Amino acid sequence: MNIRNVDLVKVMKMRTKSISALLLATITMAPAAVIGATSYNDTVKTNFSHPISNVPGKSLVAVEVSYPPGGASAPHHHSDSAFIYAYVVSGQVASQVEGQPEHIYRAGECWYETPRAHHLIRRNASETEPAKLLAVFVVETEDNALTIPDHVGGSK
């Protein structure tokens with residue numbers, strides 16, 4: 001092999017390594033971009049919790065759910081005893097309960113969910129502004145888990 005052919009082989013090996021490294025970097029970063037777009041990053045804070053004195057065994061629990069821009073809650077269902085009133089405090093929240101179409105609620109709007117509701121979608125409808133909702137539960141006092149995330153690969 002002459003010198004020119006050896007140089008050509010070296011150049012081709014270097015290009016192959018560079019392309020391989022670029023491909024590996026692209027493949028490695030691609031899932032991160034997808035995961036970032038579907039990450040569940042809501043913040044839930046209890047606002048109020050108290051037994052209802054004239055309804056034995058029931059409590060009223062209010063939680064604030066805050067979403068950063070583009071934020072979402074994981075698909076979930078609620079306690080078998082939970083009746084829920086949800087009120088959008090600020091921003092816009094997209095919500096879909098199983099069997100119903102997705103709907104975008106704006107600040108000042110509300111909806112309710114019946115016991116055992118399966119929440120498929122709840123997310124901030126904006127990619128640029130935060131959103132916050134207040135969820136008020138009427139629930140059996142002994143229920144500890146108000147919201148139960150879906151198992152991987154299935155609902156409920």
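Trainee: How many salt bridges are counted in this structure?
Mentor: This is a predicted model, in which local features need pLDDT of at least 70 and side-chain atom pairs count only at pLDDT 80 or more, while totals for chains, interfaces and linings use all residues. Residues are numbered from 1 along each chain as its sequence is written, and side-chain values use heavy atoms, with hydrogens and water left out. A salt bridge requires a side-chain nitrogen of Lys or Arg within 4 Å of a carboxyl oxygen of Asp or Glu. By this rule the number of salt bridges is 4.

Trainee: Lysine 45 and glutamate 64 form a salt bridge; how far apart are the closest N and O atoms?
Mentor: The closest N and O atoms of lysine 45 and glutamate 64 are 4.0 Å apart. The two residues link distant parts of the chain, with lysine 45 in strand E1, glutamate 64 in strand E2 and their positions 19 residues apart; strands (E, at least two residues) and helices (H or I, at least four) are DSSP runs numbered from the N terminus. The value asked for is therefore within the limit of 4 Å set for a nitrogen and a carboxyl oxygen, namely 4.0 Å.

Trainee: Which strand holds the glutamate 140 that pairs with lysine 58?
Mentor: The side chains of lysine 58 and glutamate 140 meet in a salt bridge, with 3.2 Å from N to O. This pair also links distant parts of the chain, 82 residues apart, as lysine 58 lies in strand E2 and glutamate 140 in strand E9.

Trainee: Is glutamate 102 buried, partly exposed or exposed?
Mentor: Arginine 123 forms a salt bridge with glutamate 102, the closest N and O atoms being 2.6 Å apart. Arginine 123 lies in strand E8 and glutamate 102 in the loop between strand E5 (92-97) and strand E6 (103-106), so the pair ties together parts 21 residues apart in sequence. Buried means under 20% relative accessible area and exposed over 50%, with partly exposed in between (1.4 Å probe, protein chains only). The relative accessible area of glutamate 102 is 35%, so this residue is partly exposed.

Trainee: Which residues are joined into one network by salt bridges that share partners?
Mentor: Shared partners connect salt bridges into one network here. Its members are Lys45, Glu64 and Lys132.

Trainee: Which strand supplies the largest share of the largest nonpolar core?
Mentor: Such a core is a set of buried Ala, Val, Leu, Ile, Met, Phe, Trp, Tyr and Cys residues joined through side-chain atoms within 4.5 Å. The largest one has 17 residues, of which Trp111, Leu133 and Phe137 touch the most other members. At least two residues come from each of strand E2 (58-67), strand E4 (83-90) and strand E9 (131-140). The largest share, 5 residues, is supplied by E9.

Trainee: What accessible area do Phe48, Leu60, Phe83, Tyr112 and Val138 have together in their surface patch?
Mentor: Patches consist of residues with over 30% relative accessible area and no salt bridge, like charges being joined within 9 Å and nonpolar side chains (Val, Leu, Ile, Met, Phe, Trp, Tyr) within 5 Å. Valine 138 lies in strand E9 and is partly exposed at 31% relative accessible area. Areas come from the Shrake-Rupley method with a 1.4 Å probe, and for residues only the protein chains shown count as cover. Together, the five named residues of this nonpolar patch have about 440 Å².

Trainee: Which residue meets serine 73 in a polar contact between side chains?
Mentor: Serine 73 is found in the loop between E2 and strand E3 (76-78) and is buried, with a relative accessible area of 5%. A polar contact is a pair of N or O atoms within 3.5 Å; within protein, one must be able to donate a hydrogen and the other to accept it, and residues adjacent in sequence count only if both atoms are side-chain atoms. At 2.7 Å, the partner of serine 73 is tyrosine 67.

Trainee: At what distance does the side chain of asparagine 124 reach the backbone nitrogen of serine 126?
Mentor: Asparagine 124 lies in strand E8 and is buried, with a relative accessible area of 1%. Its contacts (heavy atoms within 4.5 Å), not counting residues up to four places away in sequence, include Tyr67, Pro68 and Glu129. The side chain of asparagine 124 reaches the backbone oxygen of proline 68 at 3.1 Å. For the backbone nitrogen of serine 126, the distance is 2.8 Å.
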